[in-house]
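Thanks for making time this morning. I would like to walk you through one structure, so please bring it up on your screens and follow along as I talk.

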Amino acid sequence: MSEELELAVDRTRCDGSRLCAELLPERIRLDDWGYPIFEPGAIPAHLLPHARRAVAACPLLALRLRRPGED
Amino acid sequence: MTNRLLDGPPLDFGAEPYAQHRRRLGPLPSAAGLLEALESSGLRGRGGAGFPVAAKWLSIAERAGGPAVVIANGSEGEPLSHKDRLLMSTRPHLVLDGALLAAAALRADRVFIVVAEDLARAPAVMAAALAERPEAEQEALRLVVAPARYVAGESSAIVNLVESGTAVPTYVPPRPHVKGVGRAPTLVQNVESLAQVALLARRPASFPALLATLHAAGSGPVVRELEPSTLLGQALEGVGGSLSQTRAVLLGGYFGTWIDGSEAWELPLDPRALRELGHSFGCGVVAALPVGACGVCETSRVLRYLAEESSAQCGPCFYGLRALAGACERVSANQAEPGELQRLQRWAQEVRGRGACRHPDGASGFLLSALRVFGSDFAGHRTHGRGGLG
Ligand SMILES: Cc1cc2nc3c(=O)[nH]c(=O)nc-3n(C[C@H](O)[C@H](O)[C@H](O)COP(=O)(O)O)c2cc1C
Ligand code: SF4
């Protein structure tokens, strides 16, 4: 069973640790202050394991995966 | 027919007393059929975002479960806006009627009236008005005084203030209309929107008028109640403005957009028509920038203000708005770095949608409109010009 997922971040928690961008550079780049900018849309299936690792690596638990359109 | 919020005793008499309000408009009507009336009126929120009122109410009305909460948003954090304080100081019972009608329609058992502390007589008038209402109504009503900060009026910040006394935005989801005060579904509605509801419940076939804060070039704010067909130029001429003295118009306040003077003059002040033309009436601010004033300097000043009003919780908002203000100030001081304008464009795009609330989005839209309308000032900034927004 495959499920469409995208990244969402709690901006009040994120403090720009940059780990997510290192683990998923295909979908996450950093702005000039070190905060992540996400490629919009669903994560392709082959990148999902990396996305899960990025979520798990966030020291502030700011990152999560959600279904597109979900709050 | 138009429903006019400011009908009644002359405005310089101050607050209309409850007895007079009842004589003039009758008692609080029933909320039966109100949702349908709101839907067919097409009433949209007057706090800035212009969201349809009926749609927000429906999402709360259709829930299962316990009582909801209603919050009247009288924060008026926008420095160029004066309409909410005028409304609260002169027609407080229209606001209370609207909030109580919302509570009846949405099965809410608590109603909070949030008023910013700096709004002249508004907090004291609202407190006195609450005390005039029947005891049964008073039991549900509470007045909450909010700090005078720009982001304190954002809906999650209002919920946070009511719950914990801290008026800063919180991460959503859940959104207030799903889970707000005490996890109850919570309606946050601007005070003018609620006053419009109070009139629509009595005269559902009439059109809502619009409260606007008008700043003609070189003169202070005047609040006027406008028919939705008024042209922007007519409105400013009515308070002493003229196209020949107007370089550009800021429509919608600090979260709004700059429009070139001659284009602005012909625009209808009708929220729906404006939206179709790609503009927004926002919170009803129409502010003229005088001919001879400098677009870069004015834009820098507003951006610095918005940067300082960030609640500093989200990196892209805190650092991004400071960087944007700094870059504008360098242009204005003729100290632009190479590529400054391209970088300003890129930063303005990049901060959008990257805060817990829409503060950075508002600042970004404002700046992008400045870059369009004052493109030549930004490209070859030399002198500072004279005059600014009222
Ligand atoms: C940073 C920020 C500040 C805001 N300040 C106000 C305010 O002072 N007054 C207000 O009515 N709405 C303000 N809003 C809009 C509210 O979040 C909300 O949309 C509004 O109160 C809903 O009422 P309405 O639909 O009747 O406009 C602000 C929004 C943002 C993002
Ligand atoms: S986006 Fe800005 S104003 Fe809004 S919560 Fe984040 S830091 Fe505060």
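This is a predicted model, and over all its chains it holds eight aromatic pairs. Let me take two of them in turn. In the pair made by B:Tyr254 and B:Tyr305, the ring centres are 5.4 Å apart and the planes stand at 80°, which, with over 60 degrees as the cut-off, makes the pair edge-to-face. B:Tyr254 sits in the loop between β9 and β10 of chain B, while B:Tyr305 belongs to helix α13, residues 295–309 of that chain, so this contact ties together parts that are 51 residues apart in sequence. As for their surroundings, B:Tyr254 is buried, with a relative accessible area of 5%, whereas B:Tyr305 counts as partly exposed at 26%.

The second pair is B:Trp258 with B:Phe374, again edge-to-face, with 5.0 Å from centre to centre and 70° between the planes. Here B:Trp258 comes from strand β10 of chain B and B:Phe374 from the loop between α16 and α17 of chain B, and the pair therefore ties together parts that lie 116 residues apart in sequence. B:Trp258 is buried at a relative accessible area of 2%, and B:Phe374 is buried as well, at 0%. Before leaving the rings, I would point out that ring pairs link B:Tyr150, B:Tyr254, B:Phe255 and B:Tyr305 into a cluster.

Now to the cysteines, where someone may well ask how many disulfides there are over all chains. The count comes to zero. Why is there no bond between B:Cys294 and the closest cysteine sulfur? That closest sulfur is in B:Cys297, at 3.4 Å from the sulfur of B:Cys294, and because a disulfide is counted only within 2.5 Å, this is too far for a bond. For B:Cys328 the closest cysteine sulfur is again in B:Cys297, but at 10 Å, which is also too far for a bond. Both of these residues are covered by protein: B:Cys294 counts as buried at 5% relative accessibility, and B:Cys328 counts as buried at 0%.

Let me turn to the ligand. There are 20 residues around ligand 1, and those that come nearest are B:Gly47, B:Asn73, B:Gln189, B:Asn190 and B:Ser193. Looking at individual polar contacts, a polar backbone atom of B:Gly47 lies 2.7 Å from an oxygen atom of the ligand, a polar side-chain atom of B:Gln189 lies 2.8 Å from a ligand oxygen, and an N or O atom in the side chain of B:Ser193 is 2.6 Å from an oxygen of ligand 1. Taken alone the ligand exposes 610 Å², and the protein buries 89% of that. Which element gives the largest share of the shell around ligand 1? It is strand β5 of chain B, residues 186–190, which contributes three residues. By character, the shell divides into eleven polar, five charged and four nonpolar residues.

The loop between α8 and β5 of chain B deserves a careful look at its backbone, since B:Pro173 and B:Pro174 both lie there. A cis peptide bond joins B:Val172 to B:Pro173, with omega at about 10°, and another cis bond joins B:Pro173 to B:Pro174, with omega at about -5°.

Two further backbone details concern positive phi values in residues other than glycine. A:Leu61 has phi near 55°; this residue is found in the loop between α2 and β4 of chain A, and it is exposed, with a relative accessible area of 63%. B:Arg107 has phi near 50°; it is found in the loop between α5 and β3 of chain B, and at a relative accessible area of 44% it is partly exposed.

I will finish with two buried residues of chain B. B:Ser89, in helix α4, counts as buried at 4% relative accessibility, and its side chain reaches the backbone oxygen of B:Arg85 at 2.5 Å. B:Ala68, found in strand β2, is buried with a relative accessible area of 0%, and although B:Ala68 and B:Arg183 are 115 residues apart in sequence, their C-alpha atoms are 9.2 Å apart in space.

Conventions
Residues are numbered from 1 along each chain as its sequence is written. Chains are lettered from A and ligands numbered from 1 in the order in which they are written. Side-chain values use heavy atoms; hydrogens and water are left out. A residue is near a molecule or strand if one of its heavy atoms lies within 4 Å of it. A polar contact is a pair of N or O atoms within 3.5 Å; within protein, one must be able to donate a hydrogen and the other to accept it, and residues adjacent in sequence count only if both atoms are side-chain atoms. Accessible areas come from the Shrake-Rupley method with a 1.4 Å probe; for residues, only the protein chains shown count as cover. Helices (H or I, at least four residues) and strands (E, at least two) are DSSP runs, numbered from the N terminus. Ala, Val, Leu, Ile, Met, Phe, Trp, Tyr, Cys and Pro count as nonpolar, Asp, Glu, Lys and Arg as charged, and the others, Gly among them, as polar. Rings of Phe, Tyr and Trp (its six-membered ring) pair if their centres lie within 6.5 Å; planes under 30 degrees apart count as stacked, over 60 as edge-to-face and the rest as tilted. Buried means under 20% relative accessible area, exposed over 50%, partly exposed in between (1.4 Å probe, protein chains only).
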